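Got the viewer open? Load the model, switch to cartoon, and keep the selection box handy for a short walk around it.

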Amino acid sequence: MSLSSALSIAQSALLATSKQTSVVSRNVADASNPDYTRRIAVVTSTAPGARMVEIQRTANDLLFRQNLQALSAWSGQSTLYDGMDQLDLSVNGVDNASSPSTAIANLQKALQLYATTPSNQNLGTSVVDAAKQVVNSLNSGTKAIQDFRTQADSQIATAVNDLNSLLSQFQDANKAVISGTRSGTDVSDALDQRDALLKKISEYVPVSTFTRGDNDMVITTRDGTTLFETVPRSVTFTPSSGYSAGTPGNTIYIDNVPVSAGTGDNTTADGKLAGLLKLRDGVASTMQSQLDEIARGLITAFAETAPSQPNATGLFTWSGAPAIPAAGTLVDGLAGSISINAAFDPSAGGNPALLRDGGANGAAYVVNTGGASYADLLISYGNKLDQPMAFDTSTGIAVSSGVSDYAANAIGWFEGVRQQASTNADSKQALAARTAEALSNDTGVNVDQEMSLLLDLEHTYQASAHMMKTVGDMLDSLLAAVG
């Protein structure tokens, strides 16, 4: 081997080692970056003594896709659970203290106490006051639910804007990958950026991807709707300024295809958008329907009856008074409009003794004509709160019960779906953590391994440098001998 060949080989080795060292140093510097994929400097020989270094990413497409799916599921479930926590506190209060169920239980106690001493009109006033608390619970619960739906609607609009922004950023990253692939330059950083954006996108909607020539990536939703192909597809949504009971929410569209909230109570709400839709149009709307049915049950239970006369509203009234809402039929917004009949309310000039005697709707409805100890009507009102009546089956509660039990079942229904959402959120979070850990173990940086490799490269560099020094000394000796 000639000295010039040996010198060329040593120089090539030094350059290759220098590039390898640079890659390892970059790995160590970005070891804590969850979006960084470990690089490998692959050395190949292109000619006798010549070396070329190619930088490769240790990507794992299967683990990455699994992580995307897990992130989407976790995002949807955590959105659901967090929203339910907020909804429960705003409607039912701490430990259900402000729930209709608690207020109705207090009303029953007040009725029972009044029935023991019907001549005491202070106890009658206490019943009216307890009824006012029931009305306040239903009215404020309705407002809280509709405010929550409006807030969820605003969050959907924000999420849609964020998703469109991420898709625009993804377009720039994808262009950088394509351009670098075509020119043969290192695209590792651009690929990392593109993958990081995919993770963020998957938090909003579940995604699937496939790669075409020149590393060009296409994104679709889980149901096959194209989200990105060369350019982002438009994600559109028209927010509402406010909601009332029974008002449907506007749809989210991806490339003019509607986004689904999922088919199950909790388990198929993948992605933040689906979770918000489920809260706005599913959980919150069902809670509102249950409150409306509780209000209808109360109006029915306290209705005044008379022979040959239609039933008429009693202690609780509504906009359709004196008629009673149809049995088993949901009246949207009834919980927000139910009120106390002024005929019973002392603060409005009414007489609470009408609870004992009847007659708020005229003489035909009078039951007691003068007995101060008459308690039958009061007892019947208390019993009617526990007597089974027909409720609309679309409200998620199919058990036949009285209005007091129905109100308790409404809390049970909500706690059931919230507990399911909590369990699902925990399991999805664990799955997201496990897939992220598996991906990191396979494609992330192990600092100990990198430092060991760096030590090996140092030895290689020293050997190449020593070889160059030896060749240099030999050339110096040769030139000295010739001179």
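Before the first stop, one ground rule: contact means heavy atoms within 4.5 Å. Helices (H or I, at least four residues) and strands (E, at least two) are DSSP runs, numbered from the N terminus. You're looking at a predicted model, where local features need pLDDT of at least 70, side-chain atom pairs count only at pLDDT 80 or more, and totals for chains, interfaces and linings use all residues. Residue numbers run from 1 along each chain as its sequence is written, and side-chain values use heavy atoms, with hydrogens and water left out.

**Stop 1: α3 and α9**

Select residues 100-116 for α3 and 376-384 for α9. On the α3 side, show Q108, L111, Y114 and A115; they meet L378, I379, Y381 and G382 in α9. Sort the residues of this contact by class and you get six nonpolar, two polar and no charged. Here Ala, Val, Leu, Ile, Met, Phe, Trp, Tyr, Cys and Pro count as nonpolar, Asp, Glu, Lys and Arg as charged, and the others, Gly among them, as polar.

Now for the geometry. Two packed helices are described by the angle between their axes and the distance between the axes. Axes are lines fitted to C-alpha atoms, for helices over the stretch in contact, and angles run from 0 to 180 degrees between N-to-C directions. The axes of α3 and α9 come within 9 Å and cross at roughly 160°, so the two helices are roughly antiparallel. For the wording, angles under 35 degrees count as roughly parallel, over 145 as roughly antiparallel, 65 to 115 as roughly perpendicular and the rest as oblique. The crossing is left-handed, meaning the near helix is turned anticlockwise from the far one by less than a right angle (clockwise would be right-handed).

**Stop 2: α10 and its neighbours**

Keep α3 and add α10, residues 403-443. Which α10 residues do S101, I104 and Q108 of α3 meet? Light up V403, S404, A407, A408 and I411. This contact has five nonpolar, three polar and no charged residues. The α3 and α10 axes come within 9 Å and cross at roughly 155°, which makes α3 roughly antiparallel to α10. The crossing is left-handed.

Next, swap α3 for α2, residues 61-92. The axes of α2 and α10 come within 7 Å and cross at roughly 150°, so α2 is roughly antiparallel to α10. Their contact divides into 18 nonpolar, eight polar and six charged residues. α2 passes α10 in a left-handed crossing.

**Stop 3: the cavity**

On a 1 Å grid over the protein atoms alone, a cavity is a set of points where a 1.4 Å probe fits but cannot get out, and a pocket is an open set with protein on both sides within 12 Å along at least five of seven lines; lining residues have an atom within 4 Å of a point. Grid points are joined across faces, edges and corners, and a volume is the space filled by probe spheres set on the points.

A search of the whole structure finds one cavity of 30 Å³ or more; its volume is about 90 Å³. Select V91, N92, P100, M287, Q290, L291, I294, A407, A410, I411 and F414 to see the lining. α2, α6 (272-301) and α10 each give two or more residues to that lining.

**Stop 4: the largest pocket**

Centre on T37, R57, A59, L191 and D195, the closest to the pocket's centre of the 39 residues that line it. The volume is about 810 Å³. Which element gives the most to this lining? Colour α5, with seven residues. By class, the lining has 14 nonpolar, 14 polar and 11 charged residues.

**Last stop: backbone oddities**

Find D95 in the loop between α2 and α3; D95 has a positive phi of about 55° although it is not a glycine. Then jump to A321 and P322, joined by a cis peptide bond with omega about 5°.
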